[in-house]
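Colleague: Got a minute to go through this one with me? Let me pull it up first.

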Amino acid sequence: MRLFSWLVSLVRLLFYSGLLAVGIMVAAGCLMVFHISQDLPKLPSPLSRIIETPQSLIYAADGQVLIALGEKTSVSLNMVSPDFLNAIVATEDHRFFEHHGVNKLRTFKALYITLFEPGRIQGASTITQQLAKNLFFSFEKTWQRKFKEMLVAFQIEQANTKEQILEAYINQIHFGAGAQGIEKAARMYFDKPAQDLTLAEAALLAGLPKAPTQYNPFRYYDKALARRRVVLNSMVAAGFISADQAAKTDAVHPELHDGRKDARTGSYFLDALIQELVKIYGEDVVYHGGIKVYSTMDSKLQADARTAVAEGMARLDELMGLDKEVKEKPQAALVAIDTASGAVKAMVGGRDYYASEFNRAVNSKRQAGSGFKPFLYYAAFRDRKLHPATVFQDRPVAIPVTGAPDWYPRNFEKTFRGPMILKQALIQSVNTIAAQVVVRVGPAAVVDVATACGVKSPLKSVYSLALGSSDVSVMDMAAGFSTLASLGIYHDPFLFWRVEDARGRVLFEHIVKDRRVLDAATAFQVVDMMEGVVDAGSGRDVRRLGFQRPAAGKTGTTDNYNDAWFTGFTPSLCVSVWTGYDKKKKLSDKDGRGITGGRGAVPIWTDFMIRAMNGEPERDFLIPSDIRYEIVGKTTGCPAVSRQNMDGGDDSPQPVADPSGTIRVALKKGQNPCRGY
């Protein structure tokens, strides 16, 4: 009996404790709802005003508006194909007409994942919640924002009909290619009003909002069709169409509107910038958020770059004997970077944006040829007892390769010149000497230097890397050489300075940070050698074509003449230029001779630099304090003038006659010409 009374008392205690706990939780929940609701945005009336967020604007460095994103054209539901309405509901929220703003099952599942899987914030948004999201100026995936969305979704459902909600939704979603809202999307992709969309077209468009860039049919038609198949299956599951209709529609490949398919931004720079913004902030923010983006583009330099590439490709066509009727022509790419900050001032990704949107400046990777040698020579000077006056023999060499046949590097001229100093070897772009140097330093050291300088493409640690056998982008080469131009200060290339939200609050601001990755004196020795390339070597056409400012650079040509490069810089601006066929085809002139970087890329670089530097003050490269100059023989490395000790003794190298002439080299303290170290 006493035990029974004790059990009853325990049950009562647990019951009332449970009631108290529930009461406390309810009270806490009410307080939380009350607190959060104080910060909810005001619901617009009528609901259609929910899409009146200002357009996102992208500015040039001089304040000029480059493009406005998110232009909207609203239409009523009766002006939209019923097939599209069914498709978007089936895909995005198949219980839209049943719930009151929140899908409880999906919400509980999302809550479970959010609470018990750290690092994941699971979405469960209904169409109403997605619409509510546009009232917020923060698009971060936090549970507080999701909770606010739910509260606003309830408000929207209470104050509006389902038809009003759906109409507002279809007019604000983003379909890619600059199209926001179903009317603009229908005209962009199919050149017809939204009410005339067929089931095949409507289902394709309904699949785009999930990832407009990934499923853009102008670029990825097969992916868009695969996504449409998911939409059609959802429509079958929701009872909007039969399985037979879905199968027949799946076999239809709708024709896209040719007249608009490439006219997104008209700019390779803007495409790259928008892609970067979407990666960071998501498409909702970029296209719906009314943000302001202040880019690094210099409008004048961008125009100069387009002109230089267009005129350069016309000259190349003439050199190759290609008339206007030839469909497959060489392409080109150019990237210009401010050496003091890493800001990308200009970018061209092809000869004609409207013929091909593919951005070869950042998305194409090609072998750099001899253009990669400056990284090799820095590695040689950094860790070894080598310097620009060290003598090597230009001779036939066989490099043993483990597990593969021996490597026999060849010079382009297929001749051998005998002894020469390393500076002369770079000026004349001698491959056999570069091969001997990479054997000494090891390919891993070259990879290390190139990566530190800003080459982000994967590099193979093989001997042939010294001759540019790894694929790199034009952006890679511009970034890497920019680090050399600044004598070892690395700046990560970037495309925008600042991002503001619709209220003017700063979301991001780029702060220039200097990071030393190379020794300044050693980098200067390489730059001095590269000045020799421009003054008297494979890049000497820079001078012949009229650019006389202090400049350094290196040409690059692949063995089969598929790629022709020139990457060069002044103290303030680094520019990389590539030319070649997309399908890796030999560049050759009308006489069948291969076209090198000096003939294919140098004229474009020079034309651009003459325009770009016009009116800018002339600057010389800064000389580090521990650098001195010596005049030495090109083949001996020995001084051209005898140096006598003050006490009359003479243990210094003696002058040696050098019939091939002399050249000035930059040496660091402790480095002695004639001795090779």
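Modeller: Sure, let's go through a couple of loop residues and then the nonpolar cores.

Modeller: Keep in mind that this is a predicted model.

Colleague: Okay. Where is Ala398?

Modeller: Ala398 is in a loop, with strand S7 (391-394) before it and strand S8 (399-401) after it.

Colleague: And is Ala398 buried, partly exposed or exposed?

Modeller: Partly exposed, because its relative accessibility is 40% and that class sits between 20% and 50%.

Colleague: What does Ala398 touch, if we skip residues up to four places away in sequence?

Modeller: Trp407 and Tyr408. Pro409 is 11 residues from Ala398 in sequence, and their C-alpha atoms are 7.4 Å apart.

Colleague: Switching to His257, where does that one lie?

Modeller: In the loop that links helix H10 (243-250) to helix H11 (268-281).

Colleague: Why does His257 count as buried?

Modeller: Because its relative accessible area is 18%, and the cut-off for buried is under 20%. Beyond its neighbours within four places, His257 contacts Arg187, Met188, Tyr189, Phe190, Asp191 and Phe218.

Colleague: Now the cores. Which residues touch the most other members in the largest nonpolar core?

Modeller: Phe372, Phe375, Tyr377 and Phe569, out of 88 residues in that core.

Colleague: What is Phe372 in contact with, leaving aside neighbours within four places in sequence?

Modeller: Val446, Ala450, Leu459, Leu465, Ala466, Gly468, Val472 and Met477. Apart from that largest core there is another one, of 50 residues, including Val89, Phe175, Ala202 and Leu204.

Colleague: Thanks, that's what I needed.

Note on methods
Residues numbered from 1 in each chain as written. Predicted model: local features only at pLDDT ≥ 70, side-chain atom pairs only at ≥ 80, totals over all residues. Heavy atoms only, no water. Helix = DSSP H or I, 4+ residues; strand = E, 2+ residues; numbered from the N terminus. Buried < 20%, exposed > 50% of the residue type's maximum accessible area, 1.4 Å probe, protein only. Contact = heavy atoms within 4.5 Å. Core = buried A, V, L, I, M, F, W, Y, C linked by side-chain atoms within 4.5 Å.
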